[in-house]
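Okay, thanks everyone, I'll keep this short. I'd like to go through the internal cavities in this one and then the helix packing around them. Let me put it on the screen.

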Amino acid sequence: MEPTTETTNDADTLVAGALDQRLDIAVSGRWIELLAPRYLATTTMLCMGVALYAFNGFLVSTVLPTAVGEIGGAELLSWSVTLYLVASIVAGASAALLKQRYGARTILFAAALVFLVGTLAAALASDMNTVLCGRICQGIGEGIIAAICYALIPEMFPPALVPKVFGAEASVWAVAAFGGPVLAGSLTEAFSWRVAFLVNVPLIALFLLLAVVRVPAGAEAGRRLQFPTLRLTLLSAGLVSMLVAGLAGSISVTAAMVAVSLLMVLGAVRLDRRAQDSILPQGAFSTRSPLGLGLWVVLLMPLSQATSSVYLVYSLQYLFGYRPTLAGALGALMAISWSITAIGVANLRTKRSKQVAIWFGPMLLVLGFATLSGAIGTVNFTMLAIAQVIVGSAFGLSWGYLSQMLMDVTPDHERDKTSALLPTLQSAGFALGAAFAGLSANGAGLATAQSIDTMRGVLTFTFAIALVWAVPALLAARRAVRLLA
């Protein structure tokens, strides 16, 4: 009797796993080991997956204002971000189930092709509607790529190297934060905004080559999985309602849209808990387990930080009087601090020190936003720069060890779900945080502010509201660490 493809793949996986266990004995967790022949291609592939997401985000925000000047559609500019985020989050939520059904290599290959189609559609578009279609395809492709890349980290690296992988990915974000806008702006000025979009093409080509070479092909044997159509539809509708709530004409309508969107998202979560093929790991968002509490931290920290993403550069330009280039550079200071801190703490050895890093990061986030709110209120540049460094350090200190902890406390058969959920939940946090920040600022009267003093008061209040999300993140992280102990 001839062995089936699934049986052969399972046997190959077992042999590879046994070999990994023997070789992992010699792994000490040094940075240089990421560049060893055994891990170099894998490290490069995962960093390329992050680079596609990071560079694409900074690139699009830089080139689209020029694009609408040529093809029109300025009124649809905000939708390029909204539709991308929704597509990315929904696709990422389904990534673990797709990986189980078809295998990581097949799904990564298909997602990269979808991303490529979206890139070419946006680059060759003659109207804004085509750009939006391209952005949806980019969101679907990148949402799956990011989720699968996270899921592959515990599969393809020993535990000692996992924090180093997160540190390397943080460095990619820092390079993208500074290099992305500069590269996109230079290409747009020297050639065309279309050329700037096409920068993605060689990145996708390299990622596809590495994925084919390094990623295992086998899917999980067993029953056919049922795709979560209703749950993803509810999630999509809820996210769209949340992200466009700020465009409503009145505060009451905006608040109602936010409430309805939250109900739809919660409905999707409740349906998922009763589903046989769930998107979320068992115990997700429970306050009685390290897994559930850790996932709350992953959601709440970006939710808090989204206030800076929306209003920091705005504050620097209109309160501090800085030019866009300098304001953008100061906005990127957080990403640089994140990367430097992540690299600096990646060598923690003891379990106790790693657990302290998990809760100390959210504590720094509370301190950072308290300082940032004070800096906006007093228009103090030095205090603002310090606050940016503190906020970046908060993520750099805790994010890698928090992610590793969540993978460790998840049962093996559900680890894909948890790993793939991390970037998806992070994106959802940023999306929800941006919506809440807009609701807070508009509700406080930012749009009608007619003086600098009034604007300063509104923005100070808006940044202080970020503490509403940062403090629960600290409490959840402290409780998660206590439960681990």
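So, which residues line the largest cavity? Before I answer, one caveat: this is a predicted model. Right, the lining is made up of Leu303, Thr307, Gly433, Phe436, Ala437, Ser440, Thr462, Ile465 and Trp469. The space inside comes to about 40 Å³. If you sort that lining by class, you get five nonpolar residues, four polar ones and no charged ones.

Where does the lining come from? Three helices put in at least two residues each: helix 11, which is 290-318, helix 16, which is 415-443, and helix 17, which is 452-465. Helix 16 has the largest share, with four residues.

Now, the count of cavities of 30 Å³ or more is two, so let's look at the other one too. The second largest cavity also has a volume of about 40 Å³. Around this second cavity you find Gly92, Ala93, Ala96, Ile279, Lys417, Ala420, Leu421 and Thr424. By class, that's five nonpolar, two polar and one charged. Helix 3, residues 77-102, and helix 16 each supply at least two residues here. And helix 16 gives the most again, with four residues in the lining of the second largest cavity.

Okay, on to packing. Generally speaking, you describe two packed helices by the angle between their axes and the distance between those axes. I'll go pair by pair.

Take helix 11 and helix 16 to begin with. Their axes come within 6 Å and cross at roughly 45°. That angle therefore puts helix 11 and helix 16 oblique to each other. The crossing of helix 11 past helix 16 is right-handed. In the contact between this pair there are 19 nonpolar residues, eight polar ones and no charged ones.

Next, helix 11 with helix 17. Here the packing angle is about 160°, and the axes are 11 Å apart. Because of that angle, helix 11 runs roughly antiparallel to helix 17. Helix 11 passes helix 17 in a left-handed crossing. On the helix 11 side, the contact is made by Thr307, Ser308, Tyr311, Leu312, Tyr314, Ser315 and Tyr318. On the helix 17 side, you've got Ile452, Met455, Leu459, Thr462 and Phe463. By class, that contact between helix 11 and helix 17 has eight nonpolar, four polar and no charged residues. If Thr307 and Thr462 sound familiar, they should: both are in this contact, and both are in the lining of the largest cavity.

Last pair: helix 10, residues 251-274, with helix 16. The angle is about 160° and the axes sit 11 Å apart. So helix 10 is roughly antiparallel to helix 16. The crossing of helix 10 past helix 16 is left-handed. Helix 10 brings Ile251, Thr254, Ala255, Val258 and Leu262 to the contact, while helix 16 brings Phe436, Leu439, Asn442 and Gly443. Sorted by class, the contact of helix 10 with helix 16 has six nonpolar residues, three polar and no charged. Phe436 is another one to click on, since Phe436 touches helix 10 in this contact and also appears in the lining of the largest cavity.

To wrap up, keep an eye on helix 16: four residues in the lining of the largest cavity, and four in the lining of the second largest. That's me done, so over to you.

Technical notes: Residues are numbered from 1 along each chain as its sequence is written. This is a predicted model: local features need pLDDT of at least 70, side-chain atom pairs count only at pLDDT 80 or more; totals for chains, interfaces and linings use all residues. Side-chain values use heavy atoms; hydrogens and water are left out. On a 1 Å grid over the protein atoms alone, a cavity is a set of points where a 1.4 Å probe fits but cannot get out, and a pocket is an open set with protein on both sides within 12 Å along at least five of seven lines; lining residues have an atom within 4 Å of a point. Grid points are joined across faces, edges and corners, and a volume is the space filled by probe spheres set on the points. Ala, Val, Leu, Ile, Met, Phe, Trp, Tyr, Cys and Pro count as nonpolar, Asp, Glu, Lys and Arg as charged, and the others, Gly among them, as polar. Axes are lines fitted to C-alpha atoms, for helices over the stretch in contact, and angles run from 0 to 180 degrees between N-to-C directions. Angles under 35 degrees count as roughly parallel, over 145 as roughly antiparallel, 65 to 115 as roughly perpendicular and the rest as oblique. A crossing is left-handed if the near helix is turned anticlockwise from the far one by less than a right angle, and right-handed if clockwise. Contact means heavy atoms within 4.5 Å.
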